[in-house]
Amino acid sequence: MERIYILAILLFSCILACFVSSDIYAQPNLDRISISERSDGKGFVIRNHLTATPDSFKITQPAADLIQFIIYSSELTSDNFIEPSLPSSIRNIEYHKNDTGFGYDIFFDENEYFRASAYHDRNALDILIGLERSTKEVVDRNIDSSDFIYWYDYNQDSLAYDFRFSSDDDAFIQMRNNNGFNVIVLDPGHGGHDPGAINRSLGIREKDIALAVALKVGEYINQYMPDVEVVYTRKDDRFVELARRGKIASEANGDLFISIHANSARNTQAHGAEIYFLGLARTAAALEVMKRENSVIDLENGGGPMQLSEEELLIYELANAGNLAISERIAMMMEDQFRNRAQRRSRGVKQAGFMVLWNLPMPALLVELGFITNPNEARYMASEYGQTILASAIFRAIRDFKQEYDRSLRQTSNRVSND
Ligand SMILES: [Zn+2]
């Protein structure tokens, strides 16, 4: 009798030990994800089937058609997990794994609006995501575009530039004499009867992408840098002559001019962003982009085809060394954003003789967001998600530059007051 009692205790402690150790030491694994429609028809529940409780999780809605979810657990495995079949309201789910965990982007169909919440299933280890049908107005009010989850880690040390203003730097002195970095001019390329590059089979036009991204950049500046003024060369679908764009920028006393465009190429595989500042085109490809963007002059009244001559550009480079140095620096910061934060292929910082950048008394850039002739990239640039990421990359470069600028200004004034 006593022996049975001891055996029972042994068995019980073994079960207890096994149970405890499996809970503590088991590596969490995501076996599968399932999606079921709520019985009241008001949305969906996504169940993440886990074998152990992860550290934590987060859900964000950075764009109206995108919800992002991440399970933070560097240990989490997800090999061979089973993907759910998608209900009609969900366009796509993209799965990602990085050093901090595993998660996914949920893209919704057009005119489908959801709000999301995530919570632990009380009876199990699973994490549930509730997707509740909502309206565009409510979703727009609640999106937080700054709250992206970047799926790829970037290394601060890998920056392609070493950006420091020194107080006796020519470019810095020139800018300081211009009274700071407070007015940003955003120039959405093309507009009105000039659609820019077109993807006819998808019905996507450069002028619409340029305007949408420029307006978003402006919103971010207004929201996160309230002391900076934003000036647009156009805020709607209208034609604005190149000379008029420059005049708007000069009259506003702009401290930076950013012209926003989308690229095109005969090769439909070509993709990636390019950032230009004014100068002599050094490659045939840069020359092609320049010719295409300058061809808008043909559309203007009384304007014939016109290109800047090599001599004009050389003289310009000599006379505007300060602004060009700043343009190049901001271009490098922007390319870092595109490459490392927005996960776009960056084709680099380049120079060419763009008419729209000519004779501006301020640093000036022209951004080709991506190729409208590449179907994937065209769809990305036309989506709210893509536009939000592209705009946030441009915004972050402006913000980073302003921070460096303000810091160097403080260092100089400290030094002056110490003398
Ligand atoms: Zn263009």
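This is a short talk about the fold of one protein chain, given from a predicted model.

Okay, hi everyone. Before the fold itself, a word on confidence. The mean pLDDT of the chain is 82, and 80% of its residues reach 70 or more. There are weak spots, though. Residues 16–24 stay under 50, and the model gives that stretch one contact beyond four places in sequence. Residues 153–163 are also below 50, but that stretch has 15 contacts beyond near neighbours in sequence. Where pLDDT is low, we shouldn't read the predicted coordinates in detail.

Now, the sheet. What order do its strands come in? The order is 12-9-13-16-14-15, so to speak out loud, six strands in an open sheet with mixed pairing. Strand 12, residues 229–232, and strand 15, residues 346–352, are the edges, and each pairs on one side only. From one strand to the next, the twist averages 20°.

Let's zoom in on one edge. Strand 14, residues 273–278, pairs with strand 15 in the parallel sense, over five bridges. If you want a landmark there, find F277, which stands opposite Q351 in strand 15.

Next, the helices on the sheet. Helix 4, residues 206–224, lies across strands 9, 12, 13 and 16, and runs at about 145° to strand 13. Helix 9, residues 375–382, packs on the sheet too, touching strands 13 and 16, and its direction makes about 120° with that of strand 16.

Helix 5, residues 242–251, is a nice one to look at end-on. Which of its residues are buried? They are L242, R245, G246 and A249. Seen down the helix axis, these buried residues fall within an arc of 95°, so they line one face of helix 5. The general idea is that an α-helix has 3.6 residues a turn, so residues three or four places apart point the same way. And what does that buried set pack against? Strand 9 and strand 13. Just after helix 5 comes N253, with a positive phi near 55°.

Last thing: the cores. The largest nonpolar core has 69 residues, and V213, M334, L365, V367 and I394 have the most contacts inside it. Helix 10, residues 384–418, gives the largest share, ten residues. Take M334 as an example: leaving out residues up to four places away in sequence, M334 touches I275, V367, A393, I394 and A397. There's also a second, separate core of 23 residues, including I46, L50, I70 and F102.

That's my tour, thanks for listening!

Key:
Residues are numbered from 1 along each chain as its sequence is written. This is a predicted model: local features need pLDDT of at least 70, side-chain atom pairs count only at pLDDT 80 or more; totals for chains, interfaces and linings use all residues. Two strands pair if DSSP finds at least two bridges between them. Helices (H or I, at least four residues) and strands (E, at least two) are DSSP runs, numbered from the N terminus. Axes are lines fitted to C-alpha atoms, for helices over the stretch in contact, and angles run from 0 to 180 degrees between N-to-C directions. Two residues are in contact if their C-beta atoms, placed from the backbone, lie within 7 Å. A residue is buried if 20 or more other C-beta atoms lie within 10 Å of its own, exposed if 12 or fewer, and partly exposed in between; C-beta atoms are placed from the backbone. The arc is that of the directions from the helix axis to the C-beta atoms. pLDDT is the predictor's confidence in each residue, from 0 to 100. A nonpolar core is a set of buried Ala, Val, Leu, Ile, Met, Phe, Trp, Tyr and Cys residues joined through C-beta atoms within 7 Å.
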